[in-house]
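This briefing concerns the structure shown below, with attention to its nucleic acid contacts and its cysteines.

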Amino acid sequence: MRSSWADAVENANSGSVENAGTSGASGASATSKSAYVPPHLRSKQPTAEPPAPSHTGPPSASDRFGYGGASGGPRYGVPRSDYGRQGYGGGGRGAGGWGSRSGGWSREREVNPFGNDDADGLAESTFSEQENTGINFDAYEDIPVETSGDNVPPPVNTFAEIDLGDALNLNIRRCKYVKPTPVQRHAIPISLAGRDLMACAQTGSGKTAAFCFPIISGIMRGGFPPRPRGTRTVFPLALILSPTRELSMQIHEEARKFSYQTGVKVVVAYGGAPINQQLRELERGVDILVATPGRLVDLLERAKVSLQMIRFLALDEADRMLDMGFEPQIRKIVEQMDMPPRGERQTMLFSATFPKEIQRLASDFLSNYIFLAVGRVGSSTDLIVQRVEFVPESDKRSHLMDLLHAQRSNGVHGKQALTLVFVETKKGADALEHWLCMNHFPATTIHGDRTQQERELALRSFKSGNTPILVATDVAARGLDIPHVAHVINFDLPNDIDDYVHRIGRTGRAGKTGLATAFFNESNMSLAKSLAELMQEANQEVPDWLTRYASRASYGGGKGRRSSGARFGGRDYRRDSSYNRSGGGSDYYGGGGYGNYGNYGGGYGAGATSAWD
DNA sequence: AAAAAAT
């Protein structure tokens, strides 16, 4: 239980502190700098040789095994207690402090991503501002957490406990983050310890920061390698992949805030937009590249980007990235280009849902990783009210109109509350949007057949409240952070319960409440069982007719709520006995000591579950 | 069967 892993970590920690003497670490760092050979001097063929001598790169997996043995160099596996020691920043160049960028690319003035004139961004905020932008932390108390893996670093309670560096700390204050969310409390120490991570946590509970903070801080600690001359190829140090263009844009915007005035440059690349502008941005320098897979493959094939220097890889919505449509592309990027192999880079996978089959695929990319599951914000019981209504196909439009009418009278300040309507097909989205507009409902639509310009305009117009009804395909199901979505309507239900979970997660974000309504009919029978179970777990009112459908044997065969012991939604597949005997399984466990049910936070028995995304 | 993702 808790004491055992805490002790284990403490032991591991003190052990590695001894190993990682300050002078030794900074000495290695200094050596690594002088030994650096720019890629263009090593080989004309970018993939012909590994990017750098081994002591420049991160230590091998075995060095990192067990919470940061620092023998391989300061970049990875450094115990938290060592942070901020002399010699870390500046790559041991004697500059001291945190990663000052020396040499390399342009030093032009950085645009303030916080979009205010307050130079420090730290003017006293009014209470109402806090309320609008802040996260409702009360909703995050007492969340069940499960971690498993070897030597799991303990969580922190405050940002102050972690030395992320002055510049990043300042940005955290500018973002008005007062204390870390549960996923941040757990994931950041794990990542800072250099460990690979598979994390299940609701989008909107601070997931982006959970992988951005360690990346930014890690880049500053590791130092900025000099930019290779004589080539237009760029060498990002971190790569963040996401499944949709809009989500990549959103991550980019957030990451830019976090890295303001740190010297860390963040660039985004995605399809549907002119590549030349993205190329120009890349050539002005990039440390963190945020991208969608297709455009990145293009850039790699044109040799505009090399992954040789990647220290950090993060997959957002990782289960989507590894599903059938995406997996080959991801494999190509991660395994068949020039990225350092697992164990040498640090890999972080984040998603709200993580089916076991996908976990197994994902483990190909990970090395001795820690699995982390953080229960849903306040459990959806309180935050998202889920309703299911039986609506025959032919009645859907009039039923939708009834809902929208009812809501209109509810609207704040005469404005319609933001309503996100999910449909199954792109054509269906266009048709419904057209019909809504004909009926004087201000609607727009986002889907993959629209131009990127149209997609971005639609999203902006929705966010601003200008067009308070957005009809969307699953392109908008994941990750998008749209504040103030009051109502998610599943006009057409998805076939996969995970997609349902992600869709309704567009409301009830950051600890606020939301409403989700689903139109269910004969064509959704395969979802009956899993939907009923999900709603029950979330303490939602399940209509009797749905319970009846769910219990019919003929409909029971659909994809049930994965995990037989539902717990709280996420579970490390390595713990599932049915996977233990398949090839290579036993070695994986490093001689037991596997897993820690960190069910602290109190009060949650194994049966007290919550649906969470 | 559909959606997403490069030109």
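The points that follow are grouped by topic. The model is predicted, and local features need pLDDT of at least 70, side-chain atom pairs count only at pLDDT 80 or more, and totals for chains, interfaces and linings use all residues. Residues are numbered from 1 along each chain as its sequence is written, chains are lettered from A and ligands numbered from 1 in the order in which they are written, and side-chain values use heavy atoms, with hydrogens and water left out.

**Surface near DNA strand B**

- DNA strand B is surrounded by 23 residues (a heavy atom within 4 Å of the strand); the closest are Gly271, Arg295, Lys426, Gly448 and Arg455.
- Of the atoms of DNA strand B that come within 4 Å of the protein, 76% belong to sugar and phosphate.
- Helix H11 (residues 293-301) supplies the largest share of this surface, four residues; helices are DSSP runs of H or I with at least four residues, numbered from the N terminus.
- By residue class, the surface comprises twelve polar, seven charged and four nonpolar residues; Asp, Glu, Lys and Arg count as charged, Ala, Val, Leu, Ile, Met, Phe, Trp, Tyr, Cys and Pro as nonpolar, and the others, Gly among them, as polar.

**Phosphate contacts**

- A polar backbone atom of glycine 271 lies 2.8 Å from a phosphate oxygen of DNA strand B.
- For threonine 473, a polar side-chain atom is 3.1 Å from a phosphate oxygen of the strand.
- An N or O atom in the side chain of arginine 245 is 3.2 Å from a phosphate oxygen of DNA strand B.

**Cysteines**

- The count of disulfides (pairs of cysteine sulfur atoms within 2.5 Å) is zero.
- Cysteine 212 is buried (under 20% relative accessible area, 1.4 Å probe, protein chains only), at 3%.

Methods
Polar contact = N/O pair within 3.5 Å; in protein donor to acceptor, adjacent residues only side chain to side chain. Helix = DSSP H or I, 4+ residues; strand = E, 2+ residues; numbered from the N terminus. Buried < 20%, exposed > 50% of the residue type's maximum accessible area, 1.4 Å probe, protein only.
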